[in-house]
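Subject: Structure for your review

Dear colleague,

Please find below the structure that I am handing over to you. My findings follow directly after it.

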Amino acid sequence: MMRHPRLARYTLAGTIAAIAMATASFAQGPGAGGQGAAGGRGQAAPEPPSAMANPYRMVENWPHFGEIKSGAGIGIIPDGKGGTWLHHRSEPPIIHFDASGNLLKSFGDRMFVQAHGFCQDRDGNFWAGDSGPFADTPGAAGRGFQMFKFDQDGKVLLTLGKAGVSRAGPDTFVGPTACAIAPNGDVIVADGHWPRPTTAQQDGDRLIRFKKDGQFVRDYGRMGSKPGEFMGPHALAFDSQGRLFVADRSNNRVQVFDRDLNFVDEWRHFGRPSGVAILKDDTLIVADSESNRPIGGPPQAPEGGGNAVRNPGWKNGLRIGSAKDGSLKYFIPGTRPEGMAADELGNIFGGLTGGCDASRSGGCLQKFVKK
């Protein structure tokens, strides 16, 4: 299989120039090439300007939450009609908006500690994750670290994991963060969120394969920074060839795997990935919500442990390119989406986990359309 180019050996001078100007700051100083790069401590550096094209605009005052308090938007599944299903950190946690932003349906009340991971299988059922608390949170004991399978009316069809148990096992999760449906219909789950409580397993980061009935098949990888290893895998997407793209967030890279989940390549020029989406034509969209920000992480992380500035000097936003060759084409600045999805109609959806009150969308869910 032909390997995809890593940034270090990318030879397109124009693309390199665009990447350098749009996504990274090479100025010396705290958070850039100085203190931030060496120890990852201190304040984030000012974001550099972007020289890349941005043909998108955000739809203002969309959607309409009504009486529902908009919570951190972590899981997004477009409905193919311009609307979307949202898994957010509020009550009710799963809601459906139409293309006009009107609320159609909601369910899952009081089931989740920390919404995380959302995908839809070929039967139309939803798989929704609960990564458990991110710290030693009072009142969260005995809850979280599970995946739930719902039908479209909100009926629970299946539960995976053991409530309150954070452990890497065939029937337990360290902390599920994402899921995606493989070409054969199996469910792939990303496991291992950072930060995590001290009571959680402090390693065990991996991918897990299940049959659609919840039968454990096998897991892949382990915690680390080598090819095929993971540190906080945070989002998953399959391309047209059946290859899996993994947002290996705490390693500041997207990893690419073949249909058998053998390692193919790693791409670092899409920033620190929180969300990944791939369209039918292999348009690749990556959300970066954490670059150049103090974020909790493990001591094995490239910037060290504690609340270090992660991936210093890089700009937050949405990077749009190609899963075929790794090229970059567009960049949407001025947003920090952690949850993210896109549809074949040209819409891009971003889910914020902070700054929601200041968003012109009116909450934590944003919709971007072509200008």
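Phe 210 is buried in this predicted model, with a relative accessible area of 3%. Phe 216, by contrast, counts as partly exposed, at 28% relative accessibility; the cut-off for buried is under 20%. The structure holds 16 aromatic pairs. One that I examined joins Trp 85 and Phe 126, whose ring centres lie 4.5 Å apart; the planes stand at 50 degrees, so this pair is tilted. It connects distant parts of the chain, since Trp 85 belongs to strand β3 (residues 84-88) and Phe 126 to strand β7 (residues 126-130), 41 residues apart. Both rings are shielded: Trp 85 counts as buried at 5% relative accessibility, and Phe 126 is buried with a relative accessible area of 0%. Phe 210 and Phe 216 form another of the pairs, with ring centres 6.2 Å apart; their planes stand at 70 degrees, so the arrangement is edge-to-face.Trp 85 and Phe 126 also belong to an aromatic cluster, together with Phe 107, Phe 112, Phe 118, Phe 148 and Phe 150. Elsewhere, a charged side chain meets a ring: Arg 196 lies over the face of Trp 194, at 3.7 Å from the ring centre.

I turn next to the strands around Phe 210 and Phe 216. Four strands make up an open sheet in the order β10-β11-β12-β13, and their pairing is antiparallel. The edges are taken by β10 (176-181) and β13 (216-220); each has a single partner strand, so one side of each is left without a neighbour in the sheet. On average, neighbouring strands of this sheet are turned by 20 degrees against each other, direction ignored. Strand β12 (residues 206-210) runs antiparallel to β13, and four bridges join the two. In this pairing, Arg 209 has Arg 218 of β13 as its bridge partner.

A second open sheet of four strands is ordered β18-β19-β22-β23, again with antiparallel pairing. Here β18 and β23 stand at the edges with a single partner strand each, so one side of each has no neighbour in the sheet. The average turn between neighbouring strands of this sheet is 15 degrees, direction ignored. Strand β22 (residues 317-322) pairs with β23 in the antiparallel sense over four bridges. Ile 320 has Tyr 330 as its bridge partner in β23.

How many disulfides does the structure hold? There are two, and with bonded cysteines counted along the chain they follow the pattern 1-2, 3-4. Cys 119 and Cys 179 form one of them, with their sulfur atoms 2.2 Å apart. The angle about the S-S bond is -120 degrees, and the link of Cys 119 and Cys 179 is left-handed. This disulfide links distant parts of the chain: Cys 119 lies in strand β6 (residues 115-120) and Cys 179 in strand β10, 60 residues apart. Strand β10 is thus a point of contact between two of my topics, as the edge strand described above and as the strand that holds Cys 179. Cys 119 counts as buried at 7% relative accessibility, and Cys 179 is buried with a relative accessible area of 6%.

The other disulfide joins Cys 356 to Cys 364, with a sulfur to sulfur distance of 2.0 Å. The torsion about the S-S bond of Cys 356 and Cys 364 is about 110 degrees, so this disulfide is right-handed. Both Cys 356 and Cys 364 are buried.

Finally, I come to the nonpolar cores. The largest has 17 residues. Which of its residues have the most contacts inside it? They are Phe 245, Trp 267, Phe 270, Val 276, Ile 278, Leu 284 and Val 286. Two or more residues are given to this core by each of β14 (233-238), β15 (244-248), β16 (253-257), β17 (263-267), β18 (275-278), β19 (283-288) and β23 (328-332). Among these elements, β18, β19 and β23 are also strands of the second sheet described above. Apart from the largest core lies another, of 14 residues, including Ala 180, Leu 207, Tyr 220 and Leu 244.

Yours faithfully

Methods: Residues are numbered from 1 along each chain as its sequence is written. This is a predicted model: local features need pLDDT of at least 70, side-chain atom pairs count only at pLDDT 80 or more; totals for chains, interfaces and linings use all residues. Side-chain values use heavy atoms; hydrogens and water are left out. Rings of Phe, Tyr and Trp (its six-membered ring) pair if their centres lie within 6.5 Å; planes under 30 degrees apart count as stacked, over 60 as edge-to-face and the rest as tilted. Buried means under 20% relative accessible area, exposed over 50%, partly exposed in between (1.4 Å probe, protein chains only). A charge sits over a ring if NZ of Lys or CZ of Arg is within 6 Å of the ring centre and within 35 degrees of the ring normal. Two strands pair if DSSP finds at least two bridges between them. Axes are lines fitted to C-alpha atoms, for helices over the stretch in contact, and angles run from 0 to 180 degrees between N-to-C directions. A disulfide is a pair of cysteine sulfur atoms within 2.5 Å. A nonpolar core is a set of buried Ala, Val, Leu, Ile, Met, Phe, Trp, Tyr and Cys residues joined through side-chain atoms within 4.5 Å.
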